[in-house]
Amino acid sequence: MSTRLEHDFFTRPHCNIRTIGRSFNTIMKKHSYAIFRTLGTLLISFLALISNVSASDFPLPLATQKVMPLRNLADQNFQKGLENALSQNKTWRKLIREKRMAVGLVDLSDLNHVLFARVNGGEMMYAASLPKIAILLAAFHSFEYDGLEQTPKIMGDLTLMIRKSNNQAATRVIEKITLKRIQQILIMPQYEFYDQDHGGGLWVGKKYAKTDSRLPDPIKGLSHGATATQVCRFYYQLAMGRLINLDRSRQMLEILVDPGIEHKFVKVLKNIVPDAKIFRKSGTWKTWHSDSVLVWGPEWRRYIAVALVEDKNGEMILRKLLPVLESVLKDNTGKATVPRLEQGAADPSVQKAGF
């Protein structure tokens with residue numbers, strides 16, 4: 001629903017305030033609980049659509065040239081900077097060596113020279129609620145191609161699922177699409193967000209409910225998993241307007257913008273760059289902590305950052321990590337790039353930089 005449609009509806013002659021008020025009071029007396037629930041869902045969907053931090057204002061895509069695959073943009077100089085920065089922390093070195101920490105970073109400050117670096121980027125890890133971005137994609141794919149009706153209720157559930165990480169809303173959307181169909185969409189050639197040849201990726205193998213059947217991922221048997229590289233790919237393609245199409249990409253960005261939970265990366269970003277646009281999804285369960293952001297701020301502060309950590313102190317690790325990632329980005333500003341890493345090359349970070 002566009003702003004134009006919203007305006008047209010509320011200015012039509014049939015929208016007499018007194019008539020609506022009388023009808024509303026009658027209905028409320030009979031169905032108050034159901035009405036409050038429905039109105040809450042509609043309100044959340046409406047606010048998402050008219051948010052003053054709109055994805056329609058997001059500067060990407062700016063160029064008409066072909067968008068290069070993210071893996072082709074892995075850069076040796078940028079990679080070295082990331083590795084060196086992470087290796088300065090003893091705890092992080094240990095976690096990386098044990099495959100319990102993965103990081104992905106994409107520099108978008110110069111759209112003609114997008115840079116990508118990763119550490120344990122192809123390592124499949126439990127990601128809790130972060131893979132809800134896969135449900136978001138599957139829903140919009142289903143709107144576009146599978147005949148799923150894009151109702152205010154499902155849009156409200158998608159918004160709750162992303163901004164508030166509401167498990168009940170996520171489960172309702174899964175039930176509309178089915179787990180099997182979500183997995184089919186994730187492995188489609190136009191997406192390949194789960195690819196066994198590259199370590200796996202985004203996986204949703206269970207409803208976000210305490211009891212239900214599982215469809216574990218084929219590599220590690222996870223119910224809700226992700227790799228840092230595939231999450232970076234998701235945000236990169238979304239920002240470039242390449243997920244489904246430009247309009248659908250914008251609609252998904254509108255749901256991801258202005259996160260409703262202020263912790264991990266967002267806690268830091270709200271302090272250091274309060275005016276930046278933040279598109280975000282995180283995940284937490286027991287000792288598993290993950291966060292992912294697409295940040296659009298001033299000057300060099302335009303990037304994608306993804307991290308997954310298995311550690312009891314994961315929340316604080318992610319908070320401390322974000323400024324380190326920003327230092328890598330800032331230090332890389334204006335530097336000439338060296339030859340790209342070979343497409344599909346193995347992640348070199350664990351063997352290098354003292355990990």
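Two strands count as paired if DSSP finds at least two bridges between them. With that rule in hand, the strand pairing in this predicted model can be followed down to single residues, and in E9 the bridge partner of lysine 281 is serine 292.

**The sheet and the helix across it**

Strand E8 and strand E9, the latter covering residues 288-296, run antiparallel and are joined by 9 bridges. They belong to an open sheet of 5 strands, whose order is E2-E1-E10-E9-E8 and whose pairing is antiparallel. The edges are formed by strand E2 (115-119) and strand E8 (277-285), and because each has a single partner strand, one side of each is left without a neighbour in the sheet. On average, neighbouring strands of this sheet are turned by 5° against each other when direction is ignored. In general, the strands of a sheet pair through backbone hydrogen bonds, in either a parallel or an antiparallel manner.

Helix H12, made of residues 314-332, lies across strand E1 (101-107), E2, E9 and strand E10 (302-310), and the helix runs at about 35° to E1.

**Salt bridges**

The structure holds 11 salt bridges, and the table gives three of them with their N to O distances.

| Acidic residue | Basic residue | N to O distance |
|---|---|---|
| Glutamate 98 | Arginine 100 | 2.9 Å |
| Glutamate 123 | Lysine 99 | 3.8 Å |
| Aspartate 146 | Arginine 181 | 2.9 Å |

The salt bridge between glutamate 98 and arginine 100 is part of a wider arrangement, in which Lys94, Glu98 and Arg100 are linked in a network of salt bridges. Glutamate 98 is partly exposed, at a relative accessible area of 38%, and arginine 100 also counts as partly exposed, with 22% relative accessibility.

In the salt bridge of glutamate 123 with lysine 99, glutamate 123 lies in the loop between E2 and strand E3 (125-126), while lysine 99 lies in the loop between helix H4 (90-97) and E1, so the pair ties together parts that are 24 residues apart in sequence. Which of the classes buried, partly exposed or exposed applies to glutamate 123? Its relative accessibility is 17%, and since buried means under 20% relative accessible area, glutamate 123 counts as buried. Lysine 99, on the other hand, has a relative accessible area of 34% and is partly exposed.

The salt bridge of aspartate 146 with arginine 181 links distant parts of the chain, for aspartate 146 sits in helix H5 (residues 132-146) and arginine 181 in helix H8 (residues 179-186), 35 residues apart. Aspartate 146 counts as partly exposed, at 38% relative accessibility.

**Two residues with positive phi**

Most residues other than glycine have a negative phi. Where in the chain does serine 165, a residue with phi near 55°, lie? Serine 165 is found in the loop between helix H6 (152-163) and helix H7 (167-177), and serine 165 is buried, with a relative accessible area of 18%. Glutamate 299 likewise has a positive phi, near 55°, in a residue other than glycine, and glutamate 299 lies in the loop between E9 and E10. Is glutamate 299 buried or exposed? At 66% relative accessibility, glutamate 299 counts as exposed.

Definitions and conventions: Residues are numbered from 1 along each chain as its sequence is written. This is a predicted model: local features need pLDDT of at least 70, side-chain atom pairs count only at pLDDT 80 or more; totals for chains, interfaces and linings use all residues. Side-chain values use heavy atoms; hydrogens and water are left out. Helices (H or I, at least four residues) and strands (E, at least two) are DSSP runs, numbered from the N terminus. Axes are lines fitted to C-alpha atoms, for helices over the stretch in contact, and angles run from 0 to 180 degrees between N-to-C directions. Contact means heavy atoms within 4.5 Å. A salt bridge is a side-chain nitrogen of Lys or Arg within 4 Å of a carboxyl oxygen of Asp or Glu. Buried means under 20% relative accessible area, exposed over 50%, partly exposed in between (1.4 Å probe, protein chains only).
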